[in-house]
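Colleague: I should be grateful for a close look at one part of this structure, namely its enclosed empty space. Please treat the matter in one connected account.

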Amino acid sequence: MATLTDVEIKKLLNEPSSVTMRPSYEGGNINTAIGFKCDHYLLEAAVLDHFRAVGLGATELYLVHGVNFDVVGVDTRLHTVLTLDDDVLLEVTPKIRETDTEMVFAVSAIVQRDGAPRKAVTSKLRVLLRRDTNIDNPDPLPAELRRFVVDRLATEQPTALEATPVDDFAGAVHRGENTDTDPVLAEIIGDDNAVGWKWKVPYYYCHFTERMQMSGYLRQMEEAKHIFVASRGISIKRMLDERGWIPVVTRCELRFTDETVMEENLYTVYTVESIFKDMLYTSRLDFYVVRDGRLVRTATGSITHGYCHKETPESEWQMAVFDDEVLRALRGE
C-alpha cells in the first residue's frame, strides 16, 4: 500500500485542483441544455477526481481503507446554462478548517461564452468518509483524515407519528395521486401546499450495497417538480407545447439528516414555500422513513424554479413572468 505523503495530504485538504469534463448526454432533456441534476454529476465527479489525484480514489478508499466516499450536502447556484458539448472547466477548492469534521469543497463550473470564461455553476459540496464494516482489517487512513471518518452519515431525532403505515404497494399512493390514499403522507402533508408519494428505494439509487446516495435524492428532486406541476395542470410538456416555456433551476441545496437504506419505504414530499416577483418559486423537499412506528427525516433541501422562453438562443434565455393560471396552480388555488 502506498502511504500518502505530507505533500499529498496538504494537496487534498488545502490546495485547489481542476479538471475539464463534458456533461452527460443523459442531461440533454430539452434542446441541448443540461439539467441541474447532471450539473451536480459533474460537480461530484470533480471532487472525486480531486481525491483520485492523490491516490485516494473511491475504490482505494473502499477496498483498502474500508470507508465510503459520500457527498452529504450540496448548496448550488446555477448562473448560466451548460450545453451538451461544452468543455467545462471544474475548479475544486478545499474550504476545510482545522476544526472541521466535514470536508467542504467549493466547486466552480466554467465555460467559454463569447470568447471569455464564465461561471455557469458554483457550489459547496460537503463530504464524509463513512466506515464500512464489510471490509476486514482495513488499512488506517493518515491521522489528518481520520476526523472525517464516521460510523453514520447523520442521525435525526425521530418524531411521533399517529398514522399507521400501510406496507401495501398494490394500494399505495402513486406519484401525483391524492395523498389521502396513504395515511402517513396525509399526516405529513396536512394542509400544506404540497405533493408527495411513497416508494421503495431501488438498488440503483444507492451505493456501497446499502444506502441511498446524493444523486438518488437529486433524481427525486427532479421528479418531484415534474409530478407537482403535472398534478396542478401545468405539466412540463403542456408549458413547452403551448407557451415555449422551459423549466430552469437557479438554486438548490440538499443535506442528509439521516440515512436511507436500500428497499426502505421512502416518503418524498415537495412543498411550495414562496413565489418571488412572479418569476421564481422555491419549494422545500423532505424525505422520510418510518422506523419503530416513528417518523425519521433522512434528508431535506430546497429548489428554486422558473421558466425561460424557448424561442431565444440558450445562451440568451430570458425569464418568463408567471401569468394568473400558473400563479394559481403554484399556490394551489
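How many cavities of 30 Å³ or more does a search of the whole structure find, and which residues line the largest cavity?

Modeller: The model is a predicted one, and the following description should be read accordingly. Rolling a probe the size of a water molecule over the atoms shows where empty space is left. Over the whole structure, the search yields three cavities of 30 Å³ or more. The volume of the largest cavity is about 60 Å³.

Its lining consists of His 40, Tyr 41, Glu 44, Val 71, Val 74, Leu 125, Met 214, Ser 215 and Leu 218. Three elements each contribute at least two residues to this lining: helix H2 (36–52), strand S2 (67–78) and helix H5 (214–231). With regard to domains, at least three lining residues come from domain 1 (1–151), and at least three come from domain 2 (154–332). Sorted by class, the lining of the largest cavity comprises six nonpolar, two polar and one charged residues.

A further part may be described alongside the cavity. In strand S3 (residues 88–94) the side chains alternate: Val 88, Leu 90, Val 92 and Pro 94 are buried and point to one face, whereas Leu 89, Glu 91 and Thr 93 point to the other and are not buried. Strand S3 pairs with strand S1 (residues 17–21) in the antiparallel sense over five bridges, with Leu 90 as the bridge partner of Val 19. Strand S3 also runs antiparallel to strand S4 (residues 103–113), to which six bridges join it; there, Ser 108 is the bridge partner of Glu 91.

Definitions and conventions:
Residues numbered from 1 in each chain as written. Predicted model: local features only at pLDDT ≥ 70, side-chain atom pairs only at ≥ 80, totals over all residues. Heavy atoms only, no water. 1 Å grid on protein atoms, 1.4 Å probe; cavity = no way out; pocket = protein on both sides within 12 Å on 5 of 7 lines; lining within 4 Å. Points joined across faces, edges and corners; volume = space filled by probe spheres on them. Helix = DSSP H or I, 4+ residues; strand = E, 2+ residues; numbered from the N terminus. Nonpolar A, V, L, I, M, F, W, Y, C, P; charged D, E, K, R; others polar. Domains from an automatic or database assignment. Buried < 20%, exposed > 50% of the residue type's maximum accessible area, 1.4 Å probe, protein only. Pairing = 2+ DSSP bridges.
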